[in-house]
Amino acid sequence: MIAMKSAREMEIMRQGGKITAGTLAMLLRTARAGMTLRELDRLAEKSIRSQGGVPTFKGYNGFPASICTSVNEVVVHGIPGEYRLREGDILSIDIGTTFKRYVSDTAATIGIGRVSEAAARLMRVTQESLMLGIAQMQKGNHLSDIGHAIQAHAEAHGYGVVRALVGHGVGQKMHEEPQVPNYGNAGQGILLRPGLCLAIEPMITEGTYEVETLPDRWTVVTGDGKLAAHFEHTVALTEEGPRILTLRDHDFLELDVARYRPKEEMAA
Ligand code: MG
């Protein structure tokens with residue numbers, strides 16, 4: 001069953017989303033070569049708790065930290081440990097906050113110092129794919145229109161779309177119905193209507209979309225060791241259209257979602 005949210009519930013999630021997004025923005029500004037992932041995790045937990053939130057991930061199915069930190073070929077669910085970031089790495093940070101019993105969930109990938117052209121392109125296209133998916137979250141569209149838009153954009157650039165992990169409904173629980181695949185045909189699944197809150201989260205790879213889980217039972221890596229990127233927002237569907245509850249200040253994607261087009265299309 002899908003738990004639709006009232007305006008009051010969405011407002012709580014918006015408040016929580018500000019904590020989540022603000023903390024992620026701080027981590028993205030702070031991460032640099034020489035820092036350990038554990039240092040970032042400590043900063044995240046402190047930031048969330050100081051604003052009245054609780055780090056949702058900590059203890060979730062036994063996860064040992066407040067954020068997931070996924071470097072280079074790690075797709076998602078990397079455990080922040082003693083690894084020291086290096087110039088040229090790409091780092092995905094995934095973060096969830098529970099505020100007044102409601103969860104918000106967001107992720108982004110950044111380069112540490114200067115990164116390769118190929119890495120920069122992968123991150124850009126993944127972020128664009130997220131925005132194109134969000135733009136499909138309109139009253140009267142079908143659920144699969146979201147994943148279809150994500151897949152079309154990613155594959156047009158020669159990338160893989162991870163199948164084994166998907167987005168999800170979000171609310172009083174981090175993972176609610178429905179599942180939100182990042183692939184598929186358009187026009188399938190439930191009709192979207194106001195009150196729906198989704199965590200949309202494309203995981204895009206340079207090579208194969210197949211993934212493997214490491215013996216720590218958390219860390220998910222690409223099957224071929226090539227790079228992966230991950231962007232995620234918690235989005236509420238309102239009468240006015242999709243509303244991103246985890247927008248960051250200075251996020252270049254703070255654009256009118258309905259008018260958003262990727263760079264190539266704008267140039268055309
Ligand atoms: Mg999620």
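Along the chain, the residues that hold the magnesium ion are spaced as D-x62-H-x32-E-x30-E. In this predicted model, that pattern corresponds to D105, H168, E201 and E232. D105 contributes OD and H168 contributes NE2, while E201 and E232 each use OE. These protein donors sit 2.2 to 2.4 Å from the magnesium ion. Two of the donors, H168 and E201, tie together parts of the chain that are 33 residues apart in sequence, because H168 belongs to strand β7 (residues 167–169) and E201 to the loop between β9 (197–200) and β10 (203–205).

The surroundings of this pair are worth a look too. H168 has a relative accessibility of just 4%, so it counts as buried. E201 is also buried, its relative accessible area being 7%; the cut-off for buried is under 20%.

Elsewhere, two helices pack against each other. The axes of α3 (residues 117–135) and α4 (residues 144–156) come within 8 Å, crossing at roughly 150 degrees. That angle makes α3 roughly antiparallel to α4, since anything over 145 degrees falls in that class. The crossing of α3 past α4 is right-handed.

As for who meets whom, α3 brings V125, E128, S129, L132 and G133 to the contact, and α4 answers with I146, A149, I150, H153 and A154. Sorted by class, the contact of α3 with α4 has six nonpolar residues, three polar ones and one charged.

Conventions. Residues are numbered from 1 along each chain as its sequence is written. This is a predicted model: local features need pLDDT of at least 70, side-chain atom pairs count only at pLDDT 80 or more; totals for chains, interfaces and linings use all residues. Side-chain values use heavy atoms; hydrogens and water are left out. Donors are N, O and S atoms within 2.8 Å of the metal (3.2 Å for Na, K and Ca); water is not among the atoms, so sites may look incomplete. Helices (H or I, at least four residues) and strands (E, at least two) are DSSP runs, numbered from the N terminus. Buried means under 20% relative accessible area, exposed over 50%, partly exposed in between (1.4 Å probe, protein chains only). Axes are lines fitted to C-alpha atoms, for helices over the stretch in contact, and angles run from 0 to 180 degrees between N-to-C directions. Angles under 35 degrees count as roughly parallel, over 145 as roughly antiparallel, 65 to 115 as roughly perpendicular and the rest as oblique. A crossing is left-handed if the near helix is turned anticlockwise from the far one by less than a right angle, and right-handed if clockwise. Contact means heavy atoms within 4.5 Å. Ala, Val, Leu, Ile, Met, Phe, Trp, Tyr, Cys and Pro count as nonpolar, Asp, Glu, Lys and Arg as charged, and the others, Gly among them, as polar.
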